[in-house]
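Got the structure open in your viewer? Let's walk through it one selection at a time, starting with the whole chain and then zooming in.

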Amino acid sequence: MLFCMSIQKDARLPPLSTSERTSSGKGAQWQAKPASRLLRTKGADASGYLSTWPAHITSQVARQKTPSSGANEHHGFSDEFGGPVSKPRFLEQLECFLRRELTSLDMLSPKLQERKLQAYREVFDYFIENFKTYKPLLSAIKNEYDITLAYLQEQIRELEPLRAQLVLLSEQCEKKVLGLREQERTEIRALKQERQHLQQVTESTREQQRALQTQVYHLEKELAAQYLQYREECDARKLLIANISSMSCSPEEKPNMEHDCDKEQSEDPVKVKLALKVCREGLSKAQVELNRLHAEYGDVVPRRDWENLDSMYRENLLKLETLQTDFDQMKAEYDTLLDVHRQVSLQRDSLQNDLEVFRETSTPRPCWEQCADVLGGRERCSEIFEGQPSKKRLEILLEEQNSMGLDQKEFFTGLGASNDVPIYLRYEGQLKNLRLKKADVLRIIKDIWREKACEAEKTDDSSDLKEFLHQYLQRQHGEQAGQWAYSLLDSIKCNLKDDFICLFYDILTDKVDESLYHGQTQLLSHLLKVLIQSDSAESGSLTASEFREALRMAFPLKKDQDLEELVVAAQSELEASGGGFAYQRLYSEDADGKHGEFLGLVKRQAMAERDHYINQLRTQLEGKGEVDLEDLRSAFTTIDPTLDSASLDWNLRKAFQTKDLHLHATLLDTEIALQRLSVANVSRAGPMTLPE
């Protein structure tokens, strides 16, 4: 810091005198001695004197520059000190040392530049060491250059991998560019070929068009010639007819004819011919204009029809938006109901488990609903037992049984032979009560269905169940048919809790259609047939996967959840947790003639599917108070597109209660039609259609 300040103060010094220059030269000589010892060579002066020239030469000495070689200037060996002034000994020693070091270097060495720099660095260090006054500044400058050079070398060393990556990336990009250019060349070549092909097609099309235009031109000329020939022939025929008429007319008409002929002859033939030519030209122009209008406006829709279609489109679009909004709302409500149903199902299962626990731990309660048949129906049973404790209900039941025992007679009174009475009950007088048991009722009903099926196969026609029951009792019991009819009906009423007996009674009283029974029978027989076919080993047992696949084959329209319920019911009934399914045991009956839980679930699912099918039909017919054949046919086709024509006609006959659909043209109340279909064996033929 002090050295810098001293230099700034003495920045402008006066010129030194000769003595001062001499003393200064001596000091420089004394300071340069250590460096001269290091640089001393064999040819150097042995005295050790080191000159400080040209420090003693004033600025007024003229310097005569001489041309120097490019190599010396490049290495710092300039000969600018020419003339009478020679180089200082120290400078010559430095140049000699530098020249010797550079000459000793291997020019083919990969680190040539670093060694050359090292030689120059050593010379510069010697130079700094011999100038003590400027040594700090020169050392700082040299250190800064060394630091900068080291930093730049470090940067180069760090950038060297990036350079390799850059070269690699450049090669990859060049390859990609070459690939893209090759691909573009291929595409351009294909497009050129396609363009040439299209040009050829266009040329051929134009040639065909010119040929067709030539044909049209010739055809037009031929048509004009034919039309002219036709007109001439027509005129000739008219003249011939006029001549024939004039020759065949009576004498009284001849004067009139002669007058007309004279009048016609009085007209100018040239004028008539000219008028005829003008008329023909006008007719030709009108025909051409008519053909042009027909060609240009043949496919044009009238504005009135377009406006009607546009208004209908807007109305349908508005209805579609309304229906879409309603559908979104209903879907949201449906999702909400599904969540609620899921929660309620969980609560129901929990309560069911609690109920089972309570049933196991507590005394079982009597099922008072079983007393409904004894008390005259469910409504009367609910009315009598409402609000009564169990003890009181038992007393009421005993009283009713005692009163029934007293009132029950050994004989039935016949209802007579009027048309209001069913044919199988048309008897008079006292008829003995045979007191048939439930087993007897089941046996008789099964025998009736079996004989009725045999009769239907023989005659290809099914009679009414009432008439067949009357014929059956007459054939089996003769004179006692009346007793059997009344006793059978009384026993049926007492056992309505049985599904099989209840279905027979409903068909007998026209509550449901007979096809419902046949549908259930065909459903169960079809399932058994599929199970037998799936049993390839004929072992009478199926695995769980085979049983599930057989159910899917027998009921292809059922959901996975329904099929899983059937599998669970079969496992519960057969007590087969993981083993085989003895499917024939599923068709066994108990002592009362009832099927197991599995077949009961099959029937219940079929009934639920029929109700859902009817509800879809009701939704399709919503808003129609009355329907005809076409309305109902269209509704069936919409909700069940795969329904065949025979099944569709059968459904229509059941709905309209007719055998010939062509003769039925009256309207029917929608609810009546749906009610008739709901009690018949109506089922879906194909999968459900999803709303768009």
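Buried residues make up 23% of the 692 residues in the protein chain, where buried means under 20% relative accessible area, exposed means over 50%, and partly exposed is anything in between (1.4 Å probe, protein chains only). Before you click further: this is a predicted model, so local features here need pLDDT of at least 70 and side-chain atom pairs count only at pLDDT 80 or more, while totals for chains, interfaces and linings use all residues. Residues are numbered from 1 along each chain as its sequence is written, and side-chain values use heavy atoms, with hydrogens and water left out.

**Whole chain**

Switch to cartoon view and you'll be looking at 24 helices and four strands; helices (H or I, at least four residues) and strands (E, at least two) are DSSP runs, numbered from the N terminus. Turn on the surface: the protein chain exposes about 50500 Å², with carbon and sulfur atoms supplying 55% of that. Those areas come from the Shrake-Rupley method with a 1.4 Å probe, and for residues only the protein chains shown count as cover. As for contacts (heavy atoms within 4.5 Å), take the ones in the protein chain with a separation of 6 or more: 57% of them are between residues 24 or more positions apart.

Now color by pLDDT, the predictor's confidence in each residue, from 0 to 100. The protein chain has a mean of 78, and 79% of its residues reach 70 or more. Select residues 1-74 and you'll find pLDDT below 50; beyond near neighbours in sequence, this stretch has 62 contacts in the model.

**Helix α6**

Next, select residues 112-129, which is helix α6. How far apart are its end C-alpha atoms? They sit 26 Å apart, which agrees with the 26 Å that its 18 residues should span at 1.5 Å a residue; the expected span is 1.5 Å times one less than the number of residues.

Show side chains for L112, K116, A119, V123 and I128, the buried residues of α6. What covers them includes α5 (89-103) and α7 (135-248), so bring those two helices into view as well.

Then pick F124, also in α6. F124 is partly exposed, at 31% relative accessible area. Add F127, F131 and Y134 to the selection: together with F124 they form a nonpolar patch on the surface, with about 350 Å² of accessible area between them. Patches are made of residues with over 30% relative accessible area and no salt bridge; like charges are joined within 9 Å, and nonpolar side chains (Val, Leu, Ile, Met, Phe, Trp, Tyr) within 5 Å.

**Salt bridges**

Time for some charge. The structure holds 31 salt bridges, each one a side-chain nitrogen of Lys or Arg within 4 Å of a carboxyl oxygen of Asp or Glu.

Start with D146 and K142, whose side chains meet at 3.0 Å, N to O. They are four residues apart in helix α7, so about one helical turn separates them. Is K142 buried or exposed? At 13% relative accessibility, K142 counts as buried, while D146 is partly exposed at 25%. Add R121 and D125, and you have a network of salt bridges linking R121, D125, K142 and D146.

Move along α7 to R210 and E207. Their closest N and O atoms are 2.3 Å apart, and the two residues lie three positions apart, about one turn of the helix. R210 is partly exposed at 40%, and E207 is partly exposed at 46%.

For another pair, jump to helix α10 (residues 303-361), where D339 and R342 are three residues apart, about one helical turn. Their salt bridge is 2.9 Å, N to O. D339 counts as partly exposed at 38%, and R342 does too at 48%.

**Two loops to finish**

Most residues other than glycine have a negative phi. Which way does E538 go, positive or negative? E538 isn't a glycine, yet its phi is positive, about 55°. Look for E538 in the loop between α18 (515-534) and α19 (544-554), where it is exposed at 72% relative accessible area.

Your last stop is Q657, in the loop between α23 (645-656) and β4 (668-669). Phi of Q657 is near 50°, again a positive value in a residue other than glycine. Q657 is exposed, with a relative accessible area of 55%.
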